[in-house]
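Q: I have a protein model open and would like to learn how to read it. Could you walk me through it, one feature at a time?

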Amino acid sequence: MRTLEGALTEIARTNIPVLLIGESGTGKEMFAHRVHQLSSRNGDPLTRIACASINVATFSGELGLNPKGIGDLGRVGAGTVFFDEISELDAACQRTLLYAFPDGIEEPRQGSLTARVISATSRGLDEEMRAGRFRSELYYRINGVCLRLPPLRERKDDIPLLVESMLSKHARQLGRPRPALSPRTLRMFLDYPWPGNVRELENIVKEIVALGDERLAMAELGAAPRDATVAVEPPEVRGYSLKAAARAASREAEREMILKALERTRWNRKRAAQELQISYKSLLYKLKQIGVQDTEAN
């Protein structure tokens, strides 16, 4: 993470397009904001465009283009534009974005991007290009510098520091006493694989602060891994019930089904929703609930 921060500081001073690759919840949007804050464009806005489930007309509108692909890109302007989950763009949107990139040699034509471009994806674009789902010309435009964000399971030494920071942050925001976690809970944090990465960790820490009971929060979320060597202490009888246990078991089963469907579909949310026989919006909502996805369900 220190290496990434050092590289990010140097990159931010340039106008090179940045591609952030990492699993959902690893902090790609946070890194995009960090690049913007450290750049000379920090006085201008950062515009986030959620690429999932967007059509070409909406996408053109977000960029400030008319349907023919020309315009002044007034919405984006001269600041920074962040394409969140760019691998989700359909072919028409990819074509529109490719046209919007300046040629690099000539004076910027009408309708070309003047903003700094930062893109993020949780899927490997190399494989998407081989499968014909992502244009190679667009890939080489957005991949000026590529930063790969490690999942939380590969940087578990950071967990105690992250937890301490999150406890203080949410205690302050919620106006609650800052809890002190037991060694047993901290051990479980280190044993758990964190499929939702930092976002999942923060969701659990926030609930611990809100409930004021770490045991109840962990049981409610079903956060303990099956193969963990340390189990969560059962909460006191007066603070738990069979109904709560049923809800926790149901949520854990739902989480596993969703993650397996995403793995089978290579994290294509639309296909995963079809396989799970739920609407795309319902899947986005459920992903947000379990701390695996931050795309708004709209």
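A: Gladly! Keep in mind that this is a predicted model. Let's begin with a term: a nonpolar core is a set of buried residues such as Ala, Val, Leu, Ile, Met and Phe, joined through side-chain atoms within 4.5 Å. In soluble globular proteins, nonpolar side chains tend to be buried together. Here the largest nonpolar core has 25 residues, and F59, F83, I86 and L97 have the most contacts inside it.

Q: Which elements give two or more residues to this core?

A: They are β1 (18–21), α3 (56–63), β3 (80–84), α4 (91–100), α5 (125–130) and α6 (136–142). Of these, α4 gives the most, with 4 residues.

Q: Which residues does I86 touch?

A: Leaving aside residues up to four places away in sequence, I86 touches C51, L97, S119, A120, T121, L125, F134 and I142.

Q: What other core lies apart from this one?

A: There is another core, of 19 residues, which includes M166, M188, A217 and M218.

Q: Let's turn to a strand. Are the residues of β3 buried or exposed?

A: To judge that, use a cut-off: a residue is buried when its relative accessible area is under 20%. By that test, 5 of the 5 residues of β3 are buried. You can check each face in turn: T80, F82 and D84 lie on one side, V81 and F83 on the other, and both faces are covered.

Q: In which sense does β3 pair with β2 and with β4?

A: Look for the bridges that link one strand to another. Strand β2 (residues 46–50) pairs with β3 in the parallel sense over 5 bridges, and L46 has T80 as its bridge partner. β3 also pairs in the parallel sense with strand β4 (residues 116–121), over 4 bridges. There, F83 is matched with S119.

Q: How do I look for empty space, and how much of it lies in the largest pocket?

A: Rolling a probe the size of a water molecule over the atoms shows where empty space is left. In this model, the largest pocket holds about 920 Å³ of space. Its lining has 30 residues, and T26, G27, M30, V198 and E202 lie nearest the centre.

Q: Which elements supply that lining, and how many of its residues are nonpolar, polar or charged?

A: At least two lining residues come from each of α1 (2–12), α2 (28–38), β3, α7 (159–174) and α9 (197–211). The largest share, 5 residues, comes from α7. Sorted by type, the lining has 15 charged, 8 nonpolar and 7 polar residues.

Definitions and conventions. Residues are numbered from 1 along each chain as its sequence is written. This is a predicted model: local features need pLDDT of at least 70, side-chain atom pairs count only at pLDDT 80 or more; totals for chains, interfaces and linings use all residues. Side-chain values use heavy atoms; hydrogens and water are left out. Buried means under 20% relative accessible area, exposed over 50%, partly exposed in between (1.4 Å probe, protein chains only). Contact means heavy atoms within 4.5 Å. Two strands pair if DSSP finds at least two bridges between them. On a 1 Å grid over the protein atoms alone, a cavity is a set of points where a 1.4 Å probe fits but cannot get out, and a pocket is an open set with protein on both sides within 12 Å along at least five of seven lines; lining residues have an atom within 4 Å of a point. Grid points are joined across faces, edges and corners, and a volume is the space filled by probe spheres set on the points. Ala, Val, Leu, Ile, Met, Phe, Trp, Tyr, Cys and Pro count as nonpolar, Asp, Glu, Lys and Arg as charged, and the others, Gly among them, as polar.
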